[in-house]
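Subject: Handing over a structure

Hi,

Here is the structure I promised to pass on. Have a look at it first, and then read my notes underneath.

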Amino acid sequence: MNLILMGAPGAGKGTQSERISAKWGIPVIATGDILRAAIKAETELGKRARSYIDAGQLVPDEIVIGIIKESITSDACKNGFILDGFPRSIPQAIALEEMGIRVDAVLFIDVEDEKIVQRMSGRRVCTCGASYHVDYKPSQKEGVCDKCGAALFVRKDDAPETVLKRLMTYHEQTEPVKAYYAQRGLLVTVQGQEGVDDTTRLTLEALSRFLKR
Ligand code: ADP
Ligand code: ZN
């Protein structure tokens, strides 16, 4: 099962992909997480990516396409994978097709811009990849990751000005990818809900309906 998750920044792709992954037993490849890990480790890749991410822009296509090529050919992905945050541009979608990757479904989580801005201000993340929201998905102990016990922090690119820039980037470069997959009959749309569990329920229902069609 090869699945793509799409949606504006902060729409809940990360949270939902974690849940689908737990349920279906296939790994998530999250380009944002991979890039942030590279920045933290100060690798060559991280150095190249940092300025783009901090500015709310897309990292150049060749960089993320390289990351994806490496990840999906790994052994862990032999039964399928969930892509969170890729493809984010038409050239990336074309590159994926040219890799000969079959896409089974593209799940689009629909959330209005106003809600996005509100949500990002409450987002808290962990270096382990876990992500929380102070109101909608709080950690059990405030400021501490449920999964690994590390201290949670606010992502630098969740600053209000950068959030607006990321939304603009999303509308300009990523939204066309939706049409690309709609034309191929692969797009499944779910309305993002206030409650994370409600979105998960709708997501799993919509996906199983689509895959049984
Ligand atoms: P969100 O979906 O909340 O914006 P991500 O963690 O998916 O967060 O991405 C964070 C940043 O990483 C993006 O704003 C962008 O700069 C970079 N990035 C992630 N995935 C891609 C991609 N496929 N192409 C280009 N840049 C990417
Ligand atoms: Zn953690």
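Below is what I found, going from the overall picture to a few local spots.

A word on conventions: this is a predicted model, so local features need pLDDT of at least 70 and side-chain atom pairs count only at pLDDT 80 or more, while totals for chains, interfaces and linings use all residues. Residues are numbered from 1 along each chain as its sequence is written, chains are lettered from A and ligands numbered from 1 in the order in which they are written, and side-chain values use heavy atoms, with hydrogens and water left out.

First, the whole protein. It has eight helices and seven strands (DSSP runs, H or I of at least four residues for helices and E of at least two for strands, numbered from the N terminus). The C-alpha trace spans about 40 × 40 × 35 Å along its principal axes. Its radius of gyration is 16 Å, which agrees with the value near 17 Å for a compact globule of 213 residues (taken over C-alpha atoms; the rule is 2.2 Å times the number of residues to the power 0.38).

Of the 213 residues, 46% are buried (under 20% relative accessible area, with exposed meaning over 50% and partly exposed in between; 1.4 Å probe, protein chains only). Among contacts (heavy atoms within 4.5 Å) with a separation of 6 or more, 71% are between residues 24 or more positions apart.

Now to helix α1, residues 13-24. Its end C-alpha atoms are 16 Å apart, in agreement with the 16 Å expected for twelve residues at 1.5 Å each (the expected span is 1.5 Å times one less than the number of residues). Lys13, Thr15, Gln16, Ser17, Ile20 and Ser21 of α1 are buried. Their cover includes the strands β1 (2-7), β2 (28-30), β3 (81-84) and β4 (105-110), plus helix α8 (196-212). Right after α1 comes Gly25, with a positive phi near 70°.

Two backbone spots deserve a look. Most residues other than glycine have a negative phi, and most peptide bonds are trans. Glu42, however, has a positive phi near 55°. Glu42 sits in the loop between α2 (31-40) and α3 (44-54), and is exposed, at 58% relative accessible area. The other spot is the cis peptide bond between Phe86 and Pro87, with omega about -5°. Pro87 lies in the loop between β3 and α5 (90-98).

Cheers
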